[in-house]
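Welcome! Let's take a walk through a protein together, one part at a time. Have the picture open as you read.

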Amino acid sequence: MSNGNAAGAAEGDLAPRRKIVILTSHVFLRGYRKASVHFVASCWAEQGHDVHFLTLGHSWLTWLKDRRRFRALSQSQANRFETVAPNLHAGAYLPPLHAFSSGNRALNAANALFFRLYGKYLPTFARRVVAAADLVVIESGSALSFFDYAKTLNSRACTLYFCRDLLRSVGAAPILQDMQAAVIGRFDTVCVPSERLGALLPSGGRLRVIPQGVDARLFDRLYPSPYSPGTHNAVSVGNMLFDETTVAAMAAAAPDVNFHVFGAGWRGVVPANVAAYGERDFESIVPYLQHADFGLAPYRLTADEIYLAESSLKLAQYSYCGLPVLLPDLIPFHRPNAIAYRLNGETAWREKIDAALAMRRSPAFREGILTWDDVARQTLHAAFEPT
């Protein structure tokens, strides 16, 4: 396994203009959270490449689960591409039905065949760009079922597996885990943000480790504080393995601190000093990060999921903003802003929170963090220089 080489990846503006297609379950819509694939796609477009961002894993069934998302996709991207920025086009394949992962074992068994059928067709608007691509990027998840079809449409394109999560950690159907094992060795490059994640993947992939980045242009801009003067505020971003019980315990131990939760849903009674915002446009969250007293990484995780310490966007974002970070002791996060708590049985919540409030911000917290422009260049270099 080899790490990405920043110097080798700095190809500069003289690099050839590539046609890139990204197959992903994420949506590229204003008002929805941004993951690493969004930032990389945007940077490739800004670097002059022609980028098509194709959303899969949605259908008319999405209306039953998330009407707002379905309406937004239907309005501008349903079975067509919309130009969302120069060189960047986003579209969604929205058939009547789609294969999906479920916590129900019987439903997953039935969906095994459906996933194989689902991945054998794309409409004309999508086929056209896949057939013309120099690089086909497939993100971990439902997009894996389209690997063979994409190769059929375009056998000459380089293929890159953009793997950000362990499939079993995110509840992916067993058939997707089987597909990953079957095709991982056929990708030209497998790009992961964490050595630990790479070690947990099926064998055979040509791995390149390129850490996550931050949007430096956003974070280097100074925004007015969204918080009331004189208040103490903690912020949590993201919904991956969110531990509501832990945040509720923190809130109970520190009624003088306001806890701002973005991305994750709150299932129980929301404490008076907790604000649960749901999914928000990333740009609107940046001021909350800049002006918070500390960040939260409240993961409810197992030993197999500690790779999240290396691949976590929020840990990089908190650190870039100079925030102390409260996180489970199972996570081997070694930056000086880490304040660890016991994943099970922690009782000294007030003590931990006071330590976070007392910690001074330091530029040392952000040392070595890549920008998304760095990540995008290194990833493209890995795709076309895989050995």
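We start with a pocket: 29 residues line the second largest one, and F28, R30, K34, S42 and E283 are those nearest its centre. Keep in mind that this is a predicted model. The space in this second largest pocket comes to about 630 Å³. Which element gives the most to its lining? That is α2, with six residues. At least two residues each come from α2 (36-46), β4, α10 (216-219) and α16 (372-384). By character, the lining of this pocket splits into 14 nonpolar, four polar and eleven charged residues.

Next, find strand β5, which covers residues 88-92. Are its residues buried or exposed? Five of the five are buried, so the strand is mostly covered. Its residues point in two directions: L88, A90 and A92 go one way, while H89 and G91 go the other, and all of them are buried.

Strand β5 also has partners, and this table sets them side by side.

| Partner of β5 | Residues | Direction | Bridges |
|---|---|---|---|
| β3 | 50-55 | parallel | five |
| β4 | 81-85 | antiparallel | four |

You can pick out single pairs too. H52 has H89 in β5 as its bridge partner, and F81 stands opposite G91 in β5. Strands β4 and β5 make a hairpin with two residues between them. In that turn, N87 has a positive phi of about 70°.

Now for the inside of the protein. In soluble globular proteins, nonpolar side chains tend to be buried together. Here, the largest nonpolar core contains 106 residues. Those with the most contacts inside this core are I22, L23, W44, L56, L122, L135 and V235. Leaving aside neighbours within four places in sequence, I22 is in contact with V37, A41, W44, V51, H52, F53, L54 and V137. A second, separate core has 20 residues, including F242, M250, V257 and W349.

Our last stop is S236, a residue of strand β11 (residues 232-238). Why does S236 count as buried? Its relative accessible area is 0%, and buried means under 20%, so S236 qualifies. What touches S236, apart from its neighbours within four places in sequence? The contacts of S236 are F242, H260, V261, F262, L296, P298 and Y318. One of these, F242, is a name you have just met in the second core.

Note on methods. Residues are numbered from 1 along each chain as its sequence is written. This is a predicted model: local features need pLDDT of at least 70, side-chain atom pairs count only at pLDDT 80 or more; totals for chains, interfaces and linings use all residues. Side-chain values use heavy atoms; hydrogens and water are left out. Buried means under 20% relative accessible area, exposed over 50%, partly exposed in between (1.4 Å probe, protein chains only). Two strands pair if DSSP finds at least two bridges between them. On a 1 Å grid over the protein atoms alone, a cavity is a set of points where a 1.4 Å probe fits but cannot get out, and a pocket is an open set with protein on both sides within 12 Å along at least five of seven lines; lining residues have an atom within 4 Å of a point. Grid points are joined across faces, edges and corners, and a volume is the space filled by probe spheres set on the points. Ala, Val, Leu, Ile, Met, Phe, Trp, Tyr, Cys and Pro count as nonpolar, Asp, Glu, Lys and Arg as charged, and the others, Gly among them, as polar. Contact means heavy atoms within 4.5 Å. A nonpolar core is a set of buried Ala, Val, Leu, Ile, Met, Phe, Trp, Tyr and Cys residues joined through side-chain atoms within 4.5 Å.
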